[in-house]
Amino acid sequence: MKYVDEFRDAGLARDVAAAIAAAADPARAYRFMEFCGGHTHAISRHGIEDMLPANTRMIHGPGCPVCVLPAGRIDMAIALAARPEVTLCVYGDLMRVPGSKGRSLQRAKAEGLDIRMVYSTVDAIRIAETEPAREVVFFAIGFETTTPPTAIAIRLAAKKSLANFTVFCNHVLTPAAIQNILDSPDLRELGRVDIDGFIGPAHVSAVIGARPYEFFAEEFGKPVVIAGFEPLDVLQAILMLIRQVNDGRHVVENQYARAVTRDGNTRAKAEVAEMFEPRKSFEWRGLGLVPYSGLRLKPAYAFFDAEHRFDMEELHAADNPACECGAILRGVKRPVDCKLFGKACTPETPMGSCMVSSEGACAAHWTYGRFRDRAIRRAS
Ligand code: SF4
């Protein structure tokens, strides 16, 4: 398959791994954060950590949109769906994300609330068209990749004069989260994790382009390599990062040039800029309140804003105290550091959001990485 098979060539992967081993300086350690959940999944699925030298470690970042959605926003969605006139439309991977007190959208649906799974924003529009007596709310989540489809849905609803369609906006911004991680006291002051560079997200960068990362590379002195999701993409990005570190460089490089340009998708960005504006702060699971990291609809589009139309109360809730998702999302702990991992918490019984989505660090490690742990234990 074009753009897939050639990026999964085992012989080439071994060649790149050998180049990484040759480039890595045995006298130092390399710690790179893959921001995006898609990369976390790819690294676990393709056993990429097994191909790296012992002194090169990958740290899983907070780039899984489901994982970073805080419990309070789930509680808000459940409260909204409890209104008798509301039909809440959500993507499937949100259904089991834990809210407070063990609640979830799946449980709320089982209790009788009108919560429906959709595959696209257009599905929600169709429901609003065919059921005009219902107030149809689309639960919009995701990074810069999924914001343009939400903008298009709003434009479509306006064109069709749909008075019963709104959006519960939870879209978040990648650059603000990376900056927050680099500013995080437990990374900067306690020195628990020293990140040497970032693998930049693939899909997000196809929309926003490479330019927004130039600030971090310059300001924090950290190299960024934007990479595709196939194993050869990730391996090549790691090699590029190691070479930058060795050379003392910290610039943005674009390994995923087949999809990402410096300026990104200008049409999609213009559509988003027309309808959305940054919130002063937005809560992330694991990161807390992050300044200017979330989007809301501009006043001109308030008619389509569920928080405005239903006067939604802002809710905040603490996570399960035993769950280490917060530390994992900040890159200071690994899934196996959580005492619930693989015991009380599995993909069938998720206690935290990192176990819900296949892109979550805990779910990826449960599905693929635990076999690697066993092999390492057997070998030692
Ligand atoms: S294993 Fe479960 S409880 Fe532990 S950090 Fe991961 S998601 Fe949270």
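What follows is a short exchange about a sheet, a helix and a cavity in this predicted model.

Me: How do you know that strand 7 and strand 8 pair, and in which sense do they run?
Reply: Two strands count as paired if there are at least two bridges between them, and strand 7 (residues 197-200) and strand 8 (residues 224-226) share three bridges in the parallel sense, so the rule for pairing is met. Within this pair, G200 stands opposite I226 in strand 8.

Me: What is the order of the strands in the open sheet, and why are strand 2 and strand 9 called edge strands?
Reply: The five strands of the open sheet follow the order 2-1-7-8-9, with parallel pairing. Strand 2 (56-63) and strand 9 (252-254) are its edge strands, as each of them pairs on one side only. On average, and with direction ignored, neighbouring strands of this sheet are turned by 25° against each other.

Me: Which strands does helix 8 lie across, and at what angle does it run to strand 1?
Reply: Helix 8 (residues 174-183) lies across strand 1 (30-36), strand 2 and strand 7, and runs at about 150° to strand 1.

Me: How many cavities of 30 Å³ or more are there, and what is the volume of the largest cavity?
Reply: The count comes to three cavities of 30 Å³ or more, and the largest cavity has a volume of about 80 Å³.

Me: What makes up the lining of the largest cavity, by class?
Reply: The lining has 10 nonpolar residues, one polar residue and no charged residues. Among the lining residues are C323, L340, F341, M351 and G352; Gly counts as polar and Cys as nonpolar, so G352 falls in the polar class and C323 in the nonpolar class.

Technical notes
Residues are numbered from 1 along each chain as its sequence is written. This is a predicted model: local features need pLDDT of at least 70, side-chain atom pairs count only at pLDDT 80 or more; totals for chains, interfaces and linings use all residues. Side-chain values use heavy atoms; hydrogens and water are left out. Helices (H or I, at least four residues) and strands (E, at least two) are DSSP runs, numbered from the N terminus. Axes are lines fitted to C-alpha atoms, for helices over the stretch in contact, and angles run from 0 to 180 degrees between N-to-C directions. Contact means heavy atoms within 4.5 Å. On a 1 Å grid over the protein atoms alone, a cavity is a set of points where a 1.4 Å probe fits but cannot get out, and a pocket is an open set with protein on both sides within 12 Å along at least five of seven lines; lining residues have an atom within 4 Å of a point. Grid points are joined across faces, edges and corners, and a volume is the space filled by probe spheres set on the points.
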